[in-house]
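The exercises below are to be worked with the sequence and the coordinates at hand. Each one sets a task and then solves it step by step.

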Amino acid sequence: SGAQGVVQLSRDWLLADRYVIECERGWLAWRCGTHDAVEWGLRDSAYGLAAQMHRLAGTTPARGRTLGQPVGDYMACFAAQVRDVVAAMHEVRAPRVPGEAGRAVVALIERCYRSRTLLDMPWLDQAERARARQLAGV
């Protein structure tokens, strides 16, 4: 779709442990391992909003969809996905997330691996850098 991105890992940069999506006029962020809270703000502003997500009293899900119940941390979310796939097989129904979505994610990851480049690692000595280049095949 023409979207572009940059991945920076906390091992290589001094970063907070969170995901950040930056857009033309603002940003959206959430902490790693958190499934029920987001932060957002406008570019060039010192202010933003931190929101904790929870079911509001007296509301009904839009168009018959439900948000479901929070399942916990990252591992609990992964386990819930596996349980849904197993239940779908037993109940002869489609899983909540179709296989095509998983295939698209794997394709994206493979494209990232194909286009990877070796990072400059000035903290390594010359022998370590040579070994890193050898391991990376460059």
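A disulfide is a pair of cysteine sulfur atoms within 2.5 Å. The model is a predicted one, in which local features need pLDDT of at least 70 and side-chain atom pairs count only at pLDDT 80 or more, while totals for chains, interfaces and linings use all residues. Residues are numbered from 1 along each chain as its sequence is written, and side-chain values use heavy atoms, with hydrogens and water left out.

**Exercise 1. Determine how many disulfides the structure holds, and classify Cys-23 and Cys-112 by exposure.**

Step 1: applying the sulfur criterion gives 0 disulfides.
Step 2: for the exposure classes, buried means under 20% relative accessible area, exposed over 50%, and partly exposed in between (1.4 Å probe, protein chains only).
Step 3: Cys-23 has a relative accessible area of 43% and is therefore partly exposed, and Cys-112, at 44%, is partly exposed because its value also falls in the intermediate class.

**Exercise 2. Describe the fold of the protein chain and how much of the chain is buried.**

Step 1: helices (H or I, at least four residues) and strands (E, at least two) are DSSP runs, numbered from the N terminus.
Step 2: the protein chain has 3 helices and 4 strands, which follow one another along the sequence as β-β-β-β-α-α-α.
Step 3: of the 138 residues in the protein chain, 7% are buried.
Step 4: with contact meaning heavy atoms within 4.5 Å, residues 24 or more positions apart supply 10% of the chain's contacts with a separation of 6 or more.

**Exercise 3. Trace the pairing of strands E1, E2 and E3, and locate Leu-28 within it.**

Step 1: two strands pair if DSSP finds at least two bridges between them.
Step 2: E1 (residues 18-22) pairs with E2 (residues 26-31) in the antiparallel sense over 5 bridges, and the hairpin that they form has 3 residues between the strands.
Step 3: on the E2 side, Trp-27 is the bridge partner of Glu-22 and Ala-29 is that of Val-20.
Step 4: E2 also pairs with E3 (residues 37-42), again in the antiparallel sense, over 4 bridges, and here Gly-41 in E3 is the bridge partner of Trp-27.
Step 5: in this second hairpin, which has 5 residues between its strands, Gly-33 takes a positive phi near 80°.
Step 6: Leu-28 belongs to E2 and, with a relative accessible area of 32%, is partly exposed.
Step 7: leaving out residues up to four places away in sequence, Leu-28 touches Tyr-19, Val-20, Ile-21, Val-38, Glu-39 and Trp-40, while the C-alpha atoms of Leu-28 and Gly-41 are 6.8 Å apart in space, at 13 residues apart in sequence.

**Exercise 4. Compare the span of helix H1 with its expected value, and decide whether Asp-84 is buried or exposed.**

Step 1: the expected span of a helix is 1.5 Å times one less than its number of residues.
Step 2: H1 (residues 74-91) has 18 residues and reaches 26 Å from its first C-alpha to its last, close to the 26 Å expected, and Val-92, which follows H1, has a positive phi near 50°.
Step 3: Asp-84 lies in H1 and, because its relative accessibility is 8%, counts as buried.
Step 4: a polar atom of the Asp-84 side chain lies 2.8 Å from the backbone nitrogen of Arg-96.
Step 5: beyond four places in sequence, the residues that Asp-84 touches are Arg-93, Pro-95, Arg-96 and Val-97.

Note on methods: Polar contact = N/O pair within 3.5 Å; in protein donor to acceptor, adjacent residues only side chain to side chain.
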